[in-house]
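Colleague: Please take a close look at a single part of this model, the largest nonpolar core. Which residues touch the most other members, and which elements give two or more residues to this core?

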Amino acid sequence: MSNKIRRSMPLFPMGTVMKLTELSARQIRYYEEHQLIRPERTEGNRRLFSLYDIDRLLEVKDLLDEGINMAGVKKILLQEENKEVHSNVKEAAGKDKKDFTNEEVRKLLRKELINAGRFHRDDLPPGERYRYFH
DNA sequence: ATTCTAACA
DNA sequence: TGTTAGTA
């Protein structure tokens, strides 16, 4: 579909993305280093972000705000094609696969990763490292 | 004026 | 992550 083309079309420069996502240039570049986004470049090496990139940045921001660190965020965003994990989560909840929306799956994955205790943020005080979602 | 990379009194 | 230096 042509919608995919538009979403991946290189359009906005750093300054615009900073305002749209409320993220600093430092953070945006850092997330790119971790392969979370792959913005195009102009002839002058300036980044051009797509709508898809902005969606990804907002997801990264949400995940981070909820207490998941880079390792956890990468596990989630870079493994969207990992149907095994998704299936397990779906079954564990005793619900049919196609009855879940992507948002529900993300929520369950977050809870699983957090409760597993392997992807806690290390920059929070002891009392703030363990948070659950309801 | 804006963005980029590299680096850290 | 912030911030700053020196560019393009």
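Modeller: What follows starts with the chain, goes on to the core, and then takes the helix pairs in turn.

This is a predicted model: local features need pLDDT of at least 70, side-chain atom pairs count only at pLDDT 80 or more, and totals for chains, interfaces and linings use all residues. Residues are numbered from 1 along each chain as its sequence is written, chains are lettered from A and ligands numbered from 1 in the order in which they are written, and side-chain values use heavy atoms, with hydrogens and water left out.

Chain A has seven helices and two strands. Both kinds of element are DSSP runs, numbered from the N terminus: helices are H or I with at least four residues, strands are E with at least two. The order from the N terminus is α-α-α-β-β-α-α-α-α. Of the 134 residues in chain A, 34% are buried. Buried means under 20% relative accessible area, exposed over 50%, and partly exposed in between, with a 1.4 Å probe and protein chains only. Contact means heavy atoms within 4.5 Å. Among contacts in chain A with a separation of 6 or more, 56% join residues 24 or more positions apart.

Now the core. A nonpolar core is a set of buried Ala, Val, Leu, Ile, Met, Phe, Trp, Tyr and Cys residues joined through side-chain atoms within 4.5 Å. The largest one has 20 residues, and Ile28, Tyr31 and Val73 touch the most other members. Two or more residues come from each of α2 (14-21), α3 (25-33), α4 (51-65) and α5 (70-77). α4 gives the most, with five residues. Domain 1 (1-60) and domain 2 (66-134) each supply at least three residues to this core. Those domain bounds come from an automatic or database domain assignment.

Take Ile28. Leaving out residues up to four places away in sequence, Ile28 touches Met14, Val17, Met18, Thr21, Leu23, Ile37, Phe49 and Leu57.

Next, α2 and α3. They pack at an angle of about 100°, with their axes 10 Å apart. α2 is therefore roughly perpendicular to α3. Axes are lines fitted to C-alpha atoms, for helices over the stretch in contact, and angles run from 0 to 180 degrees between N-to-C directions. Angles under 35 degrees count as roughly parallel, over 145 as roughly antiparallel, 65 to 115 as roughly perpendicular, and the rest as oblique. Here Met14, Val17, Met18 and Thr21 in α2 meet Ala25, Ile28 and Arg29 in α3. The loop between α2 and α3 holds Glu22. Glu22 is not a glycine, yet has a positive phi of about 65°. Glu22 is exposed, at 61% relative accessible area.

α2 also meets α4. Their axes come within 10 Å and cross at roughly 45°, so the two are oblique to each other. The crossing is right-handed. That term applies if the near helix is turned clockwise from the far one by less than a right angle, and left-handed if anticlockwise. Val17, Leu20 and Thr21 in α2 meet Ile54, Leu57, Leu58 and Lys61 in α4.

Last, α4 and α5. The angle is about 130°, and the axes are 10 Å apart. That makes α4 oblique to α5. The crossing is right-handed. From α4, Arg56, Glu59, Val60, Leu63 and Leu64 meet Met70, Val73, Ile76 and Leu77 in α5.
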